[in-house]
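Take a look at the fold shown below. This report goes through it part by part, beginning with one helix.

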Amino acid sequence: MVRLVGDEGVMKGIKITSHLSDTLPVIRANVAYVGQALLNLLVNALEHTPSGTIEVKTYLKKEEAGDKVVIEVKDSGTGIDPDRMDSIFEPLTSFGKTQGRVLSVNAGMGLHFVKRIMEAHEGEVRVRSVLGEGTVFFLVFPAIKTASE
Ligand SMILES: Nc1ncnc2c1ncn2[C@@H]1O[C@H](COP(=O)(O)OP(=O)(O)O)[C@@H](O)[C@H]1O
Ligand SMILES: [Mg+2]
């Protein structure tokens, strides 16, 4: 997946890196849908990162509510205006707002799909963004307890 969008990044001079943990607990996931969610995040990162880096990471996060497996997509791009944070997951709210867009792939549905896909996995999507510094999206999945635990 990273390799799929990697060429686009190379063309723009963006460095794309991935750190994938190989000792993660099991999650229950529809690979096609999660792949689509990840692709949406990567495309958004590319669209909003004029130069710099995009990092993809997976890791285990221990939380009070239970262990989580996290897929993180972090960019050093434009960031998101705090005023818009509440609406980015709404369908089509961003339609027409192509300001600062380098390339446009879908019309305001991307993050809405990501949110729906994560809900279907009993997980969630989280976001942290600083205007002018960059954005991090987290796909958070509940880890499945196995018999050995
Ligand atoms: N990585 C990002 N950096 C900055 N803004 C972002 C990022 N990802 C999403 N956004 C903001 O969230 C909005 C909604 O994203 P999305 O649902 O994928 O729709 P679209 O990309 O078609 O506008 C975008 O228009 C953009 O303003
Ligand atoms: Mg998008």
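## Helix H3 and its buried face

In this predicted model, five residues of helix H3 are buried: Gly110, Leu111, Val114, Ile117 and Met118. Look down the axis of H3, and these buried residues fall within an arc of 120°, so they line one face of the helix. A general rule helps here. An α-helix has 3.6 residues a turn, so residues three or four places apart point the same way.

What do the buried residues of H3 pack against? They pack against H2, S4 and S5. On the other side of H3, Glu119 and Ala120 are exposed.

## The loop after H3

H3 covers residues 110–120, and strand S4 covers 124–130. Glu122 lies in the loop between them. Its phi is positive, near 55°, and Glu122 is not a glycine. Why does that deserve a second look? Most residues other than glycine have a negative phi.

Is Glu122 buried or exposed? Count the other C-beta atoms within 10 Å of its own: there are 10. A residue with 12 or fewer counts as exposed, so Glu122 is exposed.

## The overall plan

Now step back to the whole chain. The protein has 149 residues, and buried residues make up 26% of them. It holds three helices and five strands. From the N terminus on, the order of elements is α-β-α-β-β-α-β-β.

Contacts reach far along the sequence. Take the contacts with a separation of 6 or more: residues 24 or more positions apart account for 66% of them.

## The sheet

The five strands form an open sheet with mixed pairing. Their order in the sheet is S1-S2-S3-S5-S4. S1 and S4 are the edge strands, and each pairs on one side only. From one strand to the next, the twist averages 20°.

Helix H2 packs on this sheet. H2 touches S1, S2, S3 and S5, and its direction makes about 30° with that of S3.

## Strand pairs, one by one

Start with S1 and S2. They run parallel, joined by seven bridges. One of the residues to find is Lys15, whose bridge partner in S2 is Thr53. With H2, these two strands make a β-α-β unit. Which hand does the unit have? It is left-handed.

S2 also pairs with S3, this time in the antiparallel sense, over ten bridges. Here Tyr59 stands opposite Val70 in S3. The link from S2 to S3 is a hairpin through two residues.

S4 and S5 run antiparallel too, with seven bridges between them. Val125 has Leu139 in S5 as its bridge partner. Ser129 stands opposite Thr135 in S5. These strands also form a hairpin, with three residues between them. In this hairpin Gly132 takes a positive phi near 85°.

## The nonpolar core

The largest nonpolar core has 24 residues. Which of them touch the most other members? They are Ala37, Leu41 and Val73. Several elements give two or more residues to this core: strand S1 (14–20), helix H2 (31–47), strand S2 (52–63), strand S3 (66–75), H3 and strand S5 (134–142). H2 gives the most, with seven residues. The general background is simple. In soluble globular proteins, nonpolar side chains tend to be buried together.

Follow Leu41 for a closer view. Set aside its neighbours within four places in sequence. Leu41 is then in contact with Val73, Val114 and Phe137. Val114 has come up before, as one of the buried residues of H3. Val73 is also familiar, from the residues that touch the most other core members.

## A loop before H2

Arg28 lies in the loop between S1 and H2. How many C-beta neighbours does Arg28 have inside 10 Å? The count is 11, so Arg28 counts as exposed.

Arg28 also shows how sequence and space can part ways. Arg28 and Ile144 are 116 residues apart in sequence. In space, their C-alpha atoms are 7.3 Å apart.

Definitions and conventions. Residues numbered from 1 in each chain as written. Chains lettered and ligands numbered in written order. Predicted model: local features only at pLDDT ≥ 70, side-chain atom pairs only at ≥ 80, totals over all residues. Helix = DSSP H or I, 4+ residues; strand = E, 2+ residues; numbered from the N terminus. Buried ≥ 20, exposed ≤ 12 C-beta atoms within 10 Å, placed from the backbone. Core = buried A, V, L, I, M, F, W, Y, C linked by C-beta atoms within 7 Å. Contact = placed C-beta atoms within 7 Å. Pairing = 2+ DSSP bridges. Right-handed = clockwise from strand over helix to strand, strands pointing away. Arc of directions from axis to C-beta. Axes fitted to C-alpha atoms, helices over the stretch in contact; angles between N-to-C directions.
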